[in-house]
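Work through the exercises below with the structure open beside you. Try each task before you read its solution.

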Amino acid sequence: MSVASTNLAILGLQWGDEGKGKVVDLLSPKFHQVVRFQGGNNAGHTVVVDGVSIALHQVPSGALHPGCFLVVGNGVVLNLEVFQQELDRLKARGFDLTGRLLLSEKAHIILPHHIALDQWREIRADKVGSKIGTTGRGIGPAYEMKAARMGVRLGDLRYPEALVDRIRPGYDEVRLRLGPDAGLPALETIIEGLLRTAEPFLKFIGDAQGHLMASWKRGESILFEGAQATLLDIDHGTYPFVTSSNCSLGGLFTGTGLPPKAVDSILGIAKAYTTRVGAGPFPAELLDATGDHLREVGREFGTTTGRPRRCGWFDAPITAHACRTNGVDGLAIMKLDVMDNMDQVGLIVGYRTGEGTLTSKLPSCAGDWKDLRAEVKYFKGWGITRGVTDRNKLPKEAQAYLDVLTQSVEVPISYLSTGPDRHEGCVYPGTLLEPLLG
Ligand code: IMP
């Protein structure tokens, strides 16, 4: 088996759920370190090895490959209770992470009042029609507390006597906002619960930045596993309908403490069509039977919340924006087989403004999206791509579609997924992933 000699970042190019899990799972056995650097248990991925399938939210993919060392960087926010459940599930299947898991002492902890605030806000926002549709996991408030200097880091757990002073300011603010009837647990109860939950984790907490720096200097290979995706990035996504972390490349550096030189190449992941969960602009959305078809065939229901995903055609302007933002070297296009046996397939080549002008520029502000209409180019559908492992054996109609897709985002395809199984896919010769998967 070939082992990677360079460091690779894997990033989502749409609104998440692109199928990063399958690619990370394929690649992680080739890397010494697998690193999460942002997000929390809003992410969800299912890893499958030898028929064993486990849903993970915060444990880096690679958990099922005993040779991989797993790192959770400082940019992640962690729900320790959920983390424990993931470790238990892994252990029950015979995967013990002792000795190969490191959690950054600078990573922040999601606390019960963060979750309460997230859910309280969404209920209120729903009444006035400004709901974001968060996962309700307390992700936003945990990052807010971090920025407001009221967060609790994993390293703080080493000083239990100081926790009350660390947590109280944020807790008091949330209580003030939610009112006395919100049913928040008492501060003492939160601290007791935290200390109890955190105890088994103390041995895993340490200097992740130093660990990664040393690993890099030793010449070990590192796989960086992005969560969510560029269009959900707090700065470069469809703000305010985004998550609260930088899911694009910049977040990798702030979320690990490694410098840009530590990343050799960037693989962008996109589905052959587009989905998004929650509210926000989505010009490619299909609110008809075609959208329902993609949802049913693609099993487009959230891994974390079970919510049906909104579905639409591949949106070239948003994906090209994500490729540029991240400096993507190669694409993994996922789930092409979901579009098998359709009479025609569409691809969004641009947006038509209210004045009728065609543009491929993404608006920066929510208001600017309102008048944009998707400009769709249609292609003749194809028969079956499911299970194809050689790009030359793809139906010519599928090939024509992929040619236009790649031209529109100006990045070559390196891997094409044609089914959920790890063997269902094509590695493109002479591209980024060939040395690893070819
Ligand atoms: P939050 O991350 O829970 O605050 O949710 C903010 C937005 O990001 C919502 O639209 C969520 O549906 C979306 N989101 C967060 N995590 C994921 C993910 O892993 N996949 C897809 N959408 C996500």
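**Exercise 1.** Find how strand E15 (residues 330-334) is joined to E19, and whether the two run parallel or antiparallel.

*Solution.* The model is predicted. Step 1: count the bridges. E15 and E19 share 3 of them. Step 2: compare directions. E15 and E19 run parallel. Step 3: pick one pair. Leu331 has Ile413 in E19 as its bridge partner.

**Exercise 2.** Now go to strand E20 (residues 425-427) and state how it pairs with E19.

*Solution.* Step 1: count again. 3 bridges link E19 to E20. Step 2: check the direction. E19 and E20 run antiparallel. Step 3: name a pair. Leu416 is bridged to Cys426 in E20. Strands of a sheet can pair either way, through backbone hydrogen bonds.

**Exercise 3.** Decide how far strand E19 (residues 413-417) is enclosed by the rest of the structure.

*Solution.* Step 1: recall the cut-off. A residue is buried when its relative accessible area is under 20%. Step 2: apply it to the strand. In E19, 5 of the 5 residues are buried. Step 3: conclude. E19 is therefore largely enclosed by the rest of the structure.

**Exercise 4.** Place these strands in their sheet: what is the strand order, and which strands form the edges?

*Solution.* Step 1: read the order. The open sheet has 10 strands, arranged E9-E7-E5-E2-E10-E1-E11-E15-E19-E20. Its pairing is mixed. Step 2: find the edges. Strand E9 (205-206) and E20 each pair on one side only, and they are the edge strands. Step 3: look at another pair within the sheet. Strand E5 (residues 69-72) and strand E7 (residues 101-104) run parallel, with 3 bridges between them. Leu70 stands opposite Leu101 in E7.

**Exercise 5.** Test the length of helix H6 (residues 187-198), then work out how its buried residues are arranged.

*Solution.* Step 1: compute the expected span. At 1.5 Å a residue, the 12 residues of H6 should span 16 Å. Step 2: compare. The end C-alpha atoms of H6 are 16 Å apart, which agrees. Step 3: list the buried residues. They are Leu187, Ile190, Ile191, Gly193, Leu194, Thr197 and Ala198. Step 4: look down the axis. The buried residues of H6 fall within an arc of 165°, so they line one face of the helix. Step 5: turn to the other side. There Glu192 and Arg196 are exposed. One general rule helps here. An α-helix has 3.6 residues a turn, so residues three or four places apart point the same way.

**Exercise 6.** Describe the second largest pocket: its volume, its lining and the helix that gives the most to that lining.

*Solution.* Step 1: take the volume. The second largest pocket holds about 260 Å³. Step 2: examine the lining. It has 16 residues, and Asn79, Glu81, Ile110, Pro112 and Thr197 lie nearest the centre. Step 3: trace the helices. Helix H2 (80-92), helix H3 (112-128) and H6 each supply at least two lining residues. H6 gives the most, with 5 residues. Step 4: sort by class. The lining divides into 10 nonpolar, 5 polar and 1 charged.

**Exercise 7.** How many cavities of 30 Å³ or more does the whole structure hold, and which residues line the largest cavity?

*Solution.* Step 1: search. The whole structure has 1 cavity of 30 Å³ or more. Step 2: size it. The largest cavity has a volume of about 30 Å³. Step 3: name the lining. It consists of Asn74, Ser104, Glu105, Lys106, Gly206, Asp207, Ala208, Gln209 and Thr256. Step 4: sort the lining. There are 1 nonpolar, 5 polar and 3 charged residues.

**Exercise 8.** Inspect the backbone at Arg149, Asn341 and Pro240.

*Solution.* Step 1: recall the usual case. Most residues other than glycine have a negative phi, and most peptide bonds are trans. Step 2: check Arg149. Its phi is positive, about 65°. Arg149 sits in the loop between helix H4 (139-147) and H5. At 69% relative accessibility, Arg149 counts as exposed. Step 3: check Asn341. Its phi is also positive, near 60°. Asn341 lies in the loop between E15 and strand E16 (344-352). Asn341 is exposed, at 55% relative accessible area. Step 4: check Pro240. A cis peptide bond joins Tyr239 to Pro240, with omega about 5°. Pro240 is in the loop between strand E10 (222-225) and helix H8 (249-254).

Note on methods: Residues are numbered from 1 along each chain as its sequence is written. This is a predicted model: local features need pLDDT of at least 70, side-chain atom pairs count only at pLDDT 80 or more; totals for chains, interfaces and linings use all residues. Side-chain values use heavy atoms; hydrogens and water are left out. Buried means under 20% relative accessible area, exposed over 50%, partly exposed in between (1.4 Å probe, protein chains only). Helices (H or I, at least four residues) and strands (E, at least two) are DSSP runs, numbered from the N terminus. Two strands pair if DSSP finds at least two bridges between them. On a 1 Å grid over the protein atoms alone, a cavity is a set of points where a 1.4 Å probe fits but cannot get out, and a pocket is an open set with protein on both sides within 12 Å along at least five of seven lines; lining residues have an atom within 4 Å of a point. Grid points are joined across faces, edges and corners, and a volume is the space filled by probe spheres set on the points. Ala, Val, Leu, Ile, Met, Phe, Trp, Tyr, Cys and Pro count as nonpolar, Asp, Glu, Lys and Arg as charged, and the others, Gly among them, as polar. The expected span of a helix is 1.5 Å times one less than its number of residues. The arc is that of the directions from the helix axis to the C-beta atoms.
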